[in-house]
Amino acid sequence: MRVRRALALAIDRETIIRTVLRGMARPAAGPLPPEQWAYPEDLPPPRYDPEEARRLLAEAGYGPGQPLRLELKTSSAELSRQVAAVLQEQLKRVGVELSLRSFEFQTFLQDTIAGNFQMFYLINVGANQSVDFLSYFYESSRIPTKAKGYSGGKPGALSVGGSGWLAAGGGGATTDKAAQRRLYGLVQKQVVSDVPQIFLWYPNNVAIAHERVQGITLELSGSYAFLRQVWIAEGASQD
C-alpha cells in the first residue's frame with residue numbers, strides 16, 4: 001500500500017491538466033465528481049507531495065540503489081501516450097523507472113480485463129453515470145481469480161467491510177437516499193485510502209452545435225446518452 005500511495009503522491013495532476021489537457025479538466029479526488037449525488041463532501045482532495053512519495057518508497061525498500069521498476073500499458077491513442085510520457089517523467093523524479101507500452105485498443109482492453117498488467121491508463125467514459133459501477137469495480141465477489149480464467153486481479157476488490165457497505169447501499173438493504181450516500185461515501189473513502197486506482201481528473205465536457213440543435217444537456221459522466229433527447233428546431237437559421 002505504501003508503494004501505491006507513493007505513486008499517487010508523485011503525480012502532479014495540475015501540470016498534466018495545464019500542459020497536456022490545455023486546462024480542460026479538474027483534478028479528481030475519487031471515482032465520482034463532486035456534482036454526483038453520492039459524492040462524500042469530506043473526501044480528502046488529491047495531493048502532490050514528491051518528498052512524501054520518496055519517503056514511502058524508501059520505507060518499502062526502494063531508493064537510488066534499488067529503483068522501483070514498473071510497466072504502464074496504454075492504448076495507442078495519441079492523448080494516452082502523451083499522458084503516459086508525462087507520468088513517466090514525474091515518477092522518475094521520485095525514483096520510479098516506468099517503462100511504457102502502447103497497444104491497439106482492443107488488445108489493450110483485453111489485457112486489462114484479463115489482469116495482464118502492472119499498471120494501465122484508461123479513460124472511463126460514462127463510468128460514473130451511476131453508483132452501480134462501484135460494485136463492479138470494488139465488490140470482493142467480483143475479484144477475477146485465476147480459477148475464473150484471469151491472469152490476475154483487476155484494480156479493485158474492497159475488504160469484506162467495504163463489500164458490506166456496497167451491498168447495503170445498493171442491494172436493497174436501505175432505500176433511504178441519505179443512508180445510501182453515507183454508505184457509498186465510506187466506500188469511496190476506503191478506495192482513496194487503499195489506492196487500488198489513482199484517480200487523475202474529471203475532464204470538461206464541451207459540445208459545439210448549430211443553433212438549430214436543441215435539447216443538449218451534457219452529463220457529468222461524459223456519456224453520449226443525451227443524444228437521444230436532441231432534436232432539430234424548425235424555422236431557425238440554415239447557415
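# Exercises on a predicted model

In this predicted model, Gly23 is partly exposed, with a relative accessible area of 40%. The exercises below begin with this residue.

**Exercise 1.** Determine where Gly23 lies, how its exposure class follows from its accessible area, and which residues it touches.

*Solution.*
Step 1. Gly23 is placed in the loop that runs between helix H2 (13–19) and strand S1 (25–27).
Step 2. A residue is buried under 20% relative accessible area and exposed over 50%. The value for Gly23 is 40%, so the residue is classed as partly exposed.
Step 3. When residues up to four places away in sequence are not counted, Gly23 touches Ile17, Arg18 and Asn204.
Step 4. Gly23 and Pro203 are 180 residues apart along the chain, and their C-alpha atoms are separated by 9.1 Å.

**Exercise 2.** Arg22 and Val195 each have a positive phi. For each residue, state the location and decide whether the residue is buried or exposed.

*Solution.*
Step 1. Phi of Arg22 is near 55°, and this residue is not a glycine. Val195, which is not a glycine either, has a phi of about 55°.
Step 2. Arg22 is located in the loop between H2 and S1. Val195 is located in the loop between H8 and strand S5 (201–203), just after H8.
Step 3. Arg22 has a relative accessibility of 75%, which is over 50%, so Arg22 counts as exposed.
Step 4. Val195 has a relative accessibility of 8%, which is under 20%, so Val195 counts as buried.

**Exercise 3.** Test whether the span of H8 agrees with its number of residues, and list the residues of H8 that are buried.

*Solution.*
Step 1. H8 has 18 residues. The expected span is 1.5 Å times one less than the number of residues.
Step 2. The expected span is therefore 26 Å.
Step 3. The end C-alpha atoms of H8 are 26 Å apart, which agrees with the expected value.
Step 4. The buried residues of H8 are Gln180, Leu183, Tyr184, Gly185, Val187, Gln188, Gln190 and Val191.

**Exercise 4.** Describe the second largest pocket by its volume, its lining and the elements that contribute to the lining.

*Solution.*
Step 1. The volume of the second largest pocket is about 400 Å³.
Step 2. Its lining consists of 19 residues, and those nearest the centre are Ala8, Leu9, Arg47, Val192 and Val195.
Step 3. Two or more lining residues come from each of helix H1 (2–9), helix H3 (50–59) and helix H8 (177–194).
Step 4. By type, the lining holds twelve nonpolar, two polar and five charged residues.

**Exercise 5.** Locate Ser80, decide whether it is buried or exposed, and name its contacts beyond four places in sequence.

*Solution.*
Step 1. Ser80 belongs to helix H4 (residues 78–92).
Step 2. Its relative accessible area is 7%, which is under 20%, so Ser80 is buried.
Step 3. With neighbours within four places in sequence left aside, Ser80 is in contact with Thr74, Ser75 and Tyr121.

**Exercise 6.** Summarise the chain by its elements, its buried fraction, its contacts and its surface.

*Solution.*
Step 1. The chain contains eight helices and seven strands.
Step 2. Of its 239 residues, 39% are buried.
Step 3. Among contacts in the chain with a separation of 6 or more, 69% join residues 24 or more positions apart.
Step 4. The accessible surface of the chain is about 13,400 Å², and 52% of this surface belongs to carbon and sulfur atoms.

Conventions. Residues are numbered from 1 along each chain as its sequence is written. This is a predicted model: local features need pLDDT of at least 70, side-chain atom pairs count only at pLDDT 80 or more; totals for chains, interfaces and linings use all residues. Side-chain values use heavy atoms; hydrogens and water are left out. On a 1 Å grid over the protein atoms alone, a cavity is a set of points where a 1.4 Å probe fits but cannot get out, and a pocket is an open set with protein on both sides within 12 Å along at least five of seven lines; lining residues have an atom within 4 Å of a point. Grid points are joined across faces, edges and corners, and a volume is the space filled by probe spheres set on the points. Ala, Val, Leu, Ile, Met, Phe, Trp, Tyr, Cys and Pro count as nonpolar, Asp, Glu, Lys and Arg as charged, and the others, Gly among them, as polar. Buried means under 20% relative accessible area, exposed over 50%, partly exposed in between (1.4 Å probe, protein chains only). Contact means heavy atoms within 4.5 Å. Accessible areas come from the Shrake-Rupley method with a 1.4 Å probe; for residues, only the protein chains shown count as cover.
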